[in-house]
Amino acid sequence: GKSRSSAIVTDSFEQLAQTQLDMLFVIDNSCSMEDEQEKLKTNIHSFISTLVTLDIDFQLAVTTTDVELEAGKFVGTPKIINTTSITQAVNDFAKNATLGSSGSGYEQGLEAAYLALSAPLINNENKGFLRPDANLGVVFVTDEEDSSPQPVTFYSNFFQSIKGWQNASKVSASAMLFHTNQIPGYPACTRSFGGVETFGTRYEAVVNNLNGIIYPLCTDWYNALSSFAQTAAGYHTRFFLSSQPDPSTIVIEVNNIAVGSHYYEYDPNSNSINFKPMAVPPFGAVILVTYNVGC
């Protein structure tokens, strides 16, 4: 955004459109994830219909967190879903995401995504997925911490390097994770399958580094998946302010129309405005955030 240096600041943002999206789902297929796989398949219509509504040319692929078996290879037929039919895309995704629960309990979602999107797989079994002009999005769905061998910065840097550092806005990572109290505004997940479900702090770090959002597994999957689609397509829900505001003075306009405070939240930790799922500014919108600079 651009700002005027003053005790009163106005940050200006534009919701820029992107017409292509390549989206990889990395799904935990260990013994505790059958219910979550079913919820994903049941609600994927929200994700796909959102992309169709936004007129996004999309491709979808699925791999698992098991790097001993799939090791980043796309699963299902077709391996890359790119049909313009919502019904066909939903059916294809549901088949590809029927993964069962016999996968490794040593989940390595970040490593799986790295293997899927790097050589040799991206030039062989997974060939045709990455398009030069498309946004790249990755969604991790898991109830465990990531156990991948490399530091989080390795994976964040790799995903960003695919589109180049000058195209930071073209790459995003989001996640649905088990949590107890780590995600503000959502009730804790309390289920147990005899194992120990944990919050994926490593996934959280990658998501925060790559313009994404996190929802808990025990939330409204329909809205979560719609939000993932918007975010990955470049439809930003979070806007970072240039100065620290006095929160009580924040005034927001979208295309010169005032937005009520119940449509957004101010996050002091990231110094950002976060629009709620049903209030995200449309493509092409100009967002003005005016506020007094805090003491």
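1. Ten of the twelve residues of helix α6 are buried, so this helix is largely enclosed by the rest of the structure. The model is a predicted one, and the points below should be read with that in mind. The buried set in α6 consists of Trp221, Ala224, Leu225, Ser226, Ser227, Phe228, Ala229, Gln230, Thr231 and Ala232. Among the elements that cover these buried residues are the strands β2, β4 (135-142), β5 (171-177) and β6 (214-216), together with the helix α1.

2. The geometry of α6, which runs over residues 221-232, is close to expectation: from its first C-alpha to its last the helix reaches 16 Å, against the 16 Å expected at 1.5 Å a residue. At the N-terminal end, Asp220 acts as a cap, with a side-chain oxygen placed 3.0 Å from the backbone nitrogen of Tyr222. After the helix comes Gly234, which has a positive phi, near 95 degrees.

3. For the chain as a whole, the secondary structure comes to six helices and twelve strands. Buried residues account for 53% of the 295 residues, and the chain exposes about 13000 Å², of which carbon and sulfur atoms supply 52%. Among contacts with a separation of 6 or more, 78% are made by residues 24 or more positions apart.

4. Asp28 deserves a separate look, and its place is in the loop between β2 (20-27) and α1 (34-53). Is this loop residue buried or exposed? Asp28 has a relative accessible area of 0%, and because the cut-off for a buried residue is under 20%, Asp28 counts as buried. Its side chain is joined to that of Ser30 by a polar contact of 2.7 Å. Leaving aside residues up to four places away in sequence, Asp28 touches Met33, Gln37, Thr65, Glu107, Val141, Thr142, Asp143 and Glu144.

5. Strand β8, covering residues 251-254, has two unlike faces: Ile252 and Val254 lie on the covered one, whereas Val251 and Glu253 lie on the uncovered one. This division can be read against a general pattern, in which the side chains of a regular strand alternate between the two faces of the sheet.

6. β8 also has two pairing partners to consider. With strand β12 (residues 286-292) it pairs in the antiparallel sense over four bridges, and with strand β9 (residues 257-259) it pairs, again in the antiparallel sense, over three bridges. Glu253 can be located in both pairings, since it stands opposite Leu288 in β12 and opposite Ala258 in β9. β8 and β9 form a hairpin with two residues between them, and in the turn Asn255 has a positive phi of about 55 degrees.

7. A further element is an open sheet of three strands, in the order β7-β11-β10 and with antiparallel pairing. Its edge strands are β7 (238-240) and β10 (264-267), each of which pairs on one side only. From one strand to the next, the twist averages 20 degrees. Within this sheet, β10 and strand β11 (residues 272-275) pair in the antiparallel sense over four bridges, and Tyr266 stands opposite Ile273 in β11.

Definitions and conventions
Residues numbered from 1 in each chain as written. Predicted model: local features only at pLDDT ≥ 70, side-chain atom pairs only at ≥ 80, totals over all residues. Heavy atoms only, no water. Pairing = 2+ DSSP bridges. Axes fitted to C-alpha atoms, helices over the stretch in contact; angles between N-to-C directions. Buried < 20%, exposed > 50% of the residue type's maximum accessible area, 1.4 Å probe, protein only. Contact = heavy atoms within 4.5 Å. Areas by Shrake-Rupley, 256 points an atom, 1.4 Å probe, with all protein chains shown as cover. Polar contact = N/O pair within 3.5 Å; in protein donor to acceptor, adjacent residues only side chain to side chain. Expected span 1.5 Å × (residues − 1).
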